[in-house]
Amino acid sequence: MAELRQAGKIRLLGLSNVTAEDIRRAQATHPFAAVQEAWSLSGRMVESILPLLQQHDITLVAHSPMGHGDMGTDWAARLFAASEWIGITPAQIALACVHNRGRQLGHLYDNIAASQVTLDDATMAELTTSDPDPAGRDI
């Protein structure tokens, strides 16, 4: 990939589904511009690599703010309840929460609506009380 970039065949390099160690190794070999990772209220593992991305000025392309069908019953109930009392869709509340945590953008229309929502501390605490990685993986 580095050779293709140097030859002018591609403009920027990016990675997807990587660990912090993967990022360090790749960055040492050839600088890249972006990392694509899932980021939702039920899957917040990416939060542990945000400082590393910021340190190297690497853009995070966040996706799947509603998870990959892995919404636990309790988490989903809190999400839907919060969306009801605030008066926005569950997707908008999920994006608003991610947006409030890291200022990352995804789907245009939901992001526009979510960027107008400021979640109070109680709502943020209720939506983010779980461990960012319930499986206990070290990314």
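## A predicted α/β model: strands, cores and local features

Five bridges join β2 to strand β3 (residues 59-63), and the two strands run parallel; strands are DSSP runs of E with at least two residues, helices are DSSP runs of H or I with at least four, and both are numbered from the N terminus. Two strands count as paired if DSSP finds at least two bridges between them. This is a predicted model, in which local features need pLDDT of at least 70 and side-chain atom pairs count only at pLDDT 80 or more, while totals for chains, interfaces and linings use all residues. Residues are numbered from 1 along each chain as its sequence is written, and side-chain values use heavy atoms, with hydrogens and water left out.

**Strands and crossovers**

The protein has seven helices and three strands, and along the sequence these follow the pattern α-β-α-β-α-β-α-α-α-α. Within the β2 to β3 pairing, V35 stands opposite L60 and E37 stands opposite A62. The chain passes from β2 through helix α3 (residues 50-55) to β3 in a right-handed β-α-β crossover; right-handed here means that, with the strands pointing away from the viewer, the path from the first strand over the helix to the second runs clockwise. Strand β1 (residues 14-16) is also joined to β2 (residues 34-38), by three bridges and in parallel, and L15 has V35 as its bridge partner in β2. From β1 the chain crosses through helix α2 (residues 20-29) to β2, and this β-α-β crossover is right-handed as well.

Which side chains of β3 are buried? Those of L60 and A62, which point to one face, are buried, while T59, V61 and H63 point to the other face and are not; buried means under 20% relative accessible area, exposed means over 50%, and partly exposed lies in between, with a 1.4 Å probe and protein chains only. In a regular strand the side chains alternate between the two faces of the sheet.

**Nonpolar cores**

Buried residues make up 38% of the 139 residues in the protein. A nonpolar core is a set of buried Ala, Val, Leu, Ile, Met, Phe, Trp, Tyr and Cys residues joined through side-chain atoms within 4.5 Å. The largest such core has 16 residues, of which I23, V35, W39, L53 and L60 touch the most other members. The elements α2, α3 and β3 each give two or more residues to this core, and α3 supplies the largest share, three residues. Leaving aside residues up to four places away in sequence, I23 touches V18, F32, V35, I49, L52, L53 and I58, where a contact means heavy atoms within 4.5 Å. A second, separate core of 15 residues includes W75, A82, I93 and M124. Among contacts between residues at least 6 apart in sequence, 55% join residues at least 24 apart.

**Individual residues**

T128 lies in the segment after α7 (121-127) and is buried, with a relative accessible area of 16%. A polar atom of the T128 side chain lies 2.5 Å from the backbone oxygen of M124. Not counting residues up to four places away in sequence, T128 touches L41, R44, C97 and R101.

Two loop residues have a positive phi although neither N17 nor D57 is a glycine. The table gives their relative accessible areas, by which N17 is exposed and D57 is exposed.

| Residue | Loop | Phi | Relative accessible area |
|---|---|---|---|
| N17 | between β1 and α2 | about 55 degrees | 59% |
| D57 | between α3 and β3 | about 55 degrees | 67% |

**Confidence**

The protein averages a pLDDT of 80, and 83% of the residues score at least 70; pLDDT is the predictor's confidence in each residue, on a scale from 0 to 100. Confidence is highest in α2, at a mean of 93, and lowest in helix α6 (residues 108-114), at 69. Over residues 135-139 the pLDDT is below 50, and beyond near neighbours in sequence this stretch has seven contacts in the model.

Definitions and conventions: Polar contact = N/O pair within 3.5 Å; in protein donor to acceptor, adjacent residues only side chain to side chain.
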